[in-house]
Amino acid sequence: MSVFPKKYGVIVVGAGHAGCEAALAASRLGVETCLLTINLDCIAAMSCNPAIGGLAKGHLVCEIDALGGEMARNTDATGIQFRRLNMSKGPAVRARRAQSDRLLYRLRMKEITERQPHLDIVQAMVARLLVKGSMVYGIETTIGQEIHADRVIVTTGTFLRGLIHIGLKNFPAGRLGDPPSNKLSRCLKELGFEMGRLKTGTTPRLHAQSIDYSGLERQDGDDPPPHFSIMTDEITLPQCPCFITYTNEKTHEAILKGLDRSPLFTGVIEGVGARYCPSIEDKVFRFRDRPRHQIFLEPEGLKTVEVYPNGIATSLPIDVQIEMVHSIRGLENAKILRPGYAIEYDYCDPVQLRPSLETRLIRGLYFAGQINGTSGYEEAAAQGIMAGINAARAVREEEPVILDRSQAYIGVLIDDLVTKGTKEPYRMFTSRAEYRLLLREDNAAMRLTPTGRKIGLVGDEQWERFNKRYALFKGFMKRLSETRISPSEGVNRWLESIGSSPLKQGVSALELLKRPEIGLFALCGFLGIEPPPSDITDQVEIEAKYQGYIKRQEEEVARFQRWEEVRIPESLDFATIPGLSREVVEKLSRVRPESLGRASRISGITPAALTAIQIYLKKQGLL
């Protein structure tokens, strides 16, 4: 048996979006880290659509940036179209989305990881985890080499026993063109982890020069492009348009007649797919009354002809895919460069994790990304940075960092996973966050940069930028609150001109800005005040207009925190608590909630059960 000459503090298995953030976080905290990948040329590969952000996902990207992560910076440096979504709706659900150059995204992240001090990158496939007693101490590769470490983070994406389906043909793969990781999956089962099977899919890729864009709806990005990272001054790459087309009755006919050869409809696929992102055959079958479905034609990069037709993910046979594509307006002569496919893969039930993302079964072992049942680059990266932080802190014998539901979408994501588990691919939505008015994109830096600085991930330049931005925000809010506006003919005439009621008594400019019909720039123009810098404009206006709602949510958070502060000892035997049913005892024993607040979020745990736990803790002197 060969042993790698260097022992590491942290080994990260897999170099996707979770793996890159985990490895960068651990190494940036000064811990010697090894990042293992099956293929060095596929670091941070975007296996599905080449886009970052979107509803709720954009929040995660901004939070990763605030903590000192890399995804936002990488997106800003490689994005070819940026848009803000839901701008006609409330501030809690607005989000950024960027179309990235797939190749540039991967190459830049590869360069970042290669140049990172304390980080070694090794091409290898992991066969098994090395465990002594209940503690991990490294990994063994498929060529028989052991690499030892104090902590191991597994971020294997869709590679665990991955199986690709195209029609009734299927073959083992982690993604099209890459081998699966079968031995590691078998190792996890042998160690005792409860595992399940999930499914995801992707679209056929089309040749841009074979598409007729002339009759399609063009969609450009925002100008200027809205960036994700506080470290970005401006977007420098050329910006590209997307185009919109639709399926039609002919498309649906082609799909429906091919269902007898669909792995999804013939029972070949066993894994559970995502309800919110169904394949085109599933959409057409389930929504037969809909005459069409929207398709976004998204360029994959500046120097490639590949186009991603977002909206027609499929695992139908290739001949059906060709007929389906050619029935769509603008795609009558489109050439398919890569077929669409579905992929099944193993995952571990995330209730087997602590909130730090360390497994309960094996000490020192962490899971992040799709192995925990999530879908999406952003969800993976968010777990990755937290796993990297906590593994590194464990090496340094420091307490883990746990973000709760009132602090960040990352906290919501992880709490949902480890408390409720998942039986289908988990995707972040704004509706999952109870305190979403407090957890906005625009204030992510304010919420989490101090935490990132305290951890040690936020460097001096980012910290300086944050402090400058924070000072500008607080200073402008103070100026608005101190600027008095008295009733006058001129003031009331201006108010009337914009459809606002006249003043009857003096108010502050901040009070006036609360009126929904008065915008910040209009108010600044009328008062002759220089408007705030663009990077804090949204936050100033939102904090003013939603002050009452924000205060109400802050009060709700205070009540939430009181429950979270009631700690439950890890060694507590729930079966000894009077008044708990067998079902409640089983659920509590499986999840092992660290607090009464977390126990309250477990499905089936009643208020009566929570009261019984609270009374028991008081009697035992634990409360």
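**Briefing: an asparagine contact, an open sheet and a buried helix**

The side chain of N492 comes to 2.7 Å from the backbone nitrogen of L503. The model in which this approach is found is a predicted one, and the points below begin with the surroundings of N492 before turning to a four-stranded sheet and to helix α2.

**Surroundings of N492**
- N492 is part of helix α13, which spans residues 489–497, and its relative accessibility is 19%, so that N492 counts as buried, the cut-off for that class being under 20%.
- Once neighbours within four places in sequence are left aside, N492 is in contact with P502 and L503.
- K504 stands 12 residues from N492 in sequence, while the C-alpha atoms of these two residues are 9.2 Å apart in space.

**The open sheet**
- Strands β12, β11, β20 and β13 form, in that order, an open sheet with antiparallel pairing.
- The edges are taken by β12 (169–172) and β13 (195–202), and because each has a single partner strand, one side of each is left without a neighbour in the sheet.
- On average, and with direction ignored, neighbouring strands of this sheet are turned by 25° against each other.
- Strand β11 (residues 163–166) and strand β20 (residues 341–348) run antiparallel and are joined by 3 bridges, and I164 has I343 as its bridge partner in β20.

**Helix α2**
- Helix α2 (residues 57–67) is mostly covered, with 11 of its 11 residues buried, among them K57, H59, E63 and D65.
- G68, which comes just after α2, takes a positive phi of about 105°.

Methods
Residues numbered from 1 in each chain as written. Predicted model: local features only at pLDDT ≥ 70, side-chain atom pairs only at ≥ 80, totals over all residues. Heavy atoms only, no water. Pairing = 2+ DSSP bridges. Helix = DSSP H or I, 4+ residues; strand = E, 2+ residues; numbered from the N terminus. Axes fitted to C-alpha atoms, helices over the stretch in contact; angles between N-to-C directions. Buried < 20%, exposed > 50% of the residue type's maximum accessible area, 1.4 Å probe, protein only. Contact = heavy atoms within 4.5 Å. Polar contact = N/O pair within 3.5 Å; in protein donor to acceptor, adjacent residues only side chain to side chain.
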